[in-house]
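Colleague: I'm new to this one, so could you take me through a single part of it up close? Here is what I'm looking at.

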Number of protein chains: 2
Amino acid sequence: METLRERKKQRTRDALLRTALELFVTQGYEHTTVDEIAARVDVSQRTFFRYFAGKEDAAFFVPRLTEEHYVEAVRRRPPEETPLDALRRSVMDSWDTIEQAIESYVPVELFLRTYKMIEATPALFAARLRRQAETEEEIARIIAEREGVDPDTDPRPRLVVAVFGAVIRVAERHWSVGEDFSTTAIRELTASYLDQVGPALAGNWRAGGTRPHPAAAPSTPA
Amino acid sequence: METLRERKKQRTRDALLRTALELFVTQGYEHTTVDEIAARVDVSQRTFFRYFAGKEDAAFFVPRLTEEHYVEAVRRRPPEETPLDALRRSVMDSWDTIEQAIESYVPVELFLRTYKMIEATPALFAARLRRQAETEEEIARIIAEREGVDPDTDPRPRLVVAVFGAVIRVAERHWSVGEDFSTTAIRELTASYLDQVGPALAGNWRAGGTRPHPAAAPSTPA
DNA sequence: TGTCAACTGTCAGAGGCTGTCACTAGCCTC
DNA sequence: GAGGCTAGTGACAGCCTCTGACAGTTGACA
């Protein structure tokens with residue numbers, strides 16, 4: 001913390017953020033007005049908009065951290081790994097280390113409730129999907145560079161990333177509506193779903209009495 | 001067309017829709033106000049909101065048709081096909097028959113420009129992704145029923161549909177920014193991308209021919 | 001033709017968001 | 001350490017989307 005001015009600013013931003021998230025998760029995003037948030041922090045509505053581009057921007061403050069965290073993880077993967085391996089290990093690593101990256105801004109518990117709130121609020125859910133699309137575009141470029149291909153002529157980078165992202169989203173969706181809403185649970189769910197993509201895509205599920213339902217049982221991964 | 005009243009209503013809705021789309025594609029979605037649309041049709045702003053839930057609703061009028069068209073196509077696939085086959089043939093069929101399904105509402109050319117406008121407008125792009133997520137949920141249930149599995153315990157239906165949808169989206173994205181913006185082009189692009197998913201997922205792109213990581217690789221069916 | 005219901009316009013207002021302007025408080029220099 | 005500078009803020013006005021309420025108009029139908 002540098003000057004007094006900066007400390008004051010930081011405190012205001014922090015108060016606005018926490019108050020906003022707290023109100024969003026308790027009484028719902030749509031039923032929370034900017035006036036209300038500003039009033040609780042005892043600043044003018046105008047000031048809220050000086051710190052956040054809008055209500056939505058406040059809601060996505062923490063998710064933004066996890067996105068950056070994930071992108072950084074991908075960037076750090078050793079180049080020998082196949083694209084799919086690199087992506088898989090990146091998400092896994094991210095889920096392992098995200099908690100402490102968040103804790104310095106807001107309590108992890110508040111983050112988890114925010115996450116669920118986003119998933120349950122149509123307007124925010126849509127915004128989230130768009131953000132993910134943007135993140136995927138960035139990651140596709142990283143993968144393309146690693147592999148030494150041109151993302152504008154070779155569709156493979158965008159394809160792997162998009163397919164991988166789709167699986168992640170199905171896992172996260174399941175997670176957000178389920179009961180065990182812990183970071184351990186999402187790790188297992190993600191690993192399990194990634195293992196099941198192959199079988200799910202390959203051929204006929206009904207054929208062969210061998211494996212009627214090889215599905216739902218998640219095997220705890222390494 | 002039945003009564004005079006119904007004809008009048010239809011004419012108003014039609015005028016509002018076309019005027020809205022025309023303005024959206026020419027001067028941009030964000031720079032078009034509801035007041036402006038209403039003024040051109042010479043109705044009150046309030047009337048616009050009686051016909052459309054909002055600006056966004058008007059923008060998605062035609063895309064809604066194509067979504068329904070696609071879902072119907074999936075529903076009609078013969079049950080012997082594998083899930084992936086059914087999905088692939090459904091999109092292909094949809095693109096073959098969508099033009100005439102649209103033409104009775106708005107000119108196909110206007111639809112195509114609207115499509116591009118949605119893809120280029122962040123707010124609409126987000127809404128589009130959310131709509132697709134909802135459509136995918138519906139299709140996953142259709143697939144689950146065909147295959148006789150429970151979508152709430154078996155993740156495979158949602159996985160195939162999500163992965164398939166991801167590929168489609170990459171193809172459509174490429175289409176929307178490319179030069180050849182015809183329905184023929186999107187058909188070829190879709191087919192091509194679907195064929196490339198397998199190779200893209202499988203192993204190491206740099207190593208020639210061999211497949212060091214056969215793990216998650218699905219065998220792309222016809 | 002008169003009644004009823006549907007459709008519309010007008011008005012008022014909430015809520016998100018932006019521009020402007022003046023004022024205060026921290027910062028920095030002399 | 002006094003005064004100038006500027007970042008940060010509040011107050012106000014205004015635009016735009018969207019909704020509710022009420023009254024007027026116009027087609028439907030007996």
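Which residues is A:Glu81 in contact with, leaving aside its neighbours within four places in sequence?

Modeller: Bear in mind that this is a predicted model. Leaving out neighbours within four places in sequence, A:Glu81 is in contact with A:Ala86, A:Arg89, A:Arg146 and A:Glu147, plus B:Arg206 from chain B. To find A:Glu81, go to the loop between helix H5 (61–76) and helix H6 (83–103) of chain A. The residue counts as buried because its relative accessibility is 13%, and the cut-off for buried is under 20%.

While you're there, have a look at the core. The largest nonpolar core has 132 residues, and A:Trp175 and B:Trp175 touch the most other members. Setting aside residues up to four places away in sequence, B:Trp175 touches a list of residues including B:Trp95, B:Leu112, B:Tyr115, B:Phe181 and B:Leu189.

Then there's DNA strand D. There are 24 residues around it, and A:Lys9, A:Thr47, A:Arg50, B:Thr3 and B:Leu4 come nearest. Sugar and phosphate make up 56% of the strand D atoms that come within 4 Å of the protein. In the side chain of A:Arg50, an N or O atom is 2.6 Å from a base oxygen of strand D. Phosphate oxygens come into it too: one lies 3.0 Å from a polar side-chain atom of A:Tyr51, and one is 2.9 Å from a polar backbone atom of B:Leu4. Helices H1 (4–27) and H3 (45–51) of chain A, and H1 (4–27) and H3 (45–51) of chain B, each supply at least two residues of the surface near strand D. By type, that surface has 10 charged, 8 polar and 6 nonpolar residues.

Methods:
Residues numbered from 1 in each chain as written. Chains lettered and ligands numbered in written order. Predicted model: local features only at pLDDT ≥ 70, side-chain atom pairs only at ≥ 80, totals over all residues. Heavy atoms only, no water. Near = heavy atom within 4 Å. Polar contact = N/O pair within 3.5 Å; in protein donor to acceptor, adjacent residues only side chain to side chain. Helix = DSSP H or I, 4+ residues; strand = E, 2+ residues; numbered from the N terminus. Nonpolar A, V, L, I, M, F, W, Y, C, P; charged D, E, K, R; others polar. Core = buried A, V, L, I, M, F, W, Y, C linked by side-chain atoms within 4.5 Å. Buried < 20%, exposed > 50% of the residue type's maximum accessible area, 1.4 Å probe, protein only. Contact = heavy atoms within 4.5 Å.
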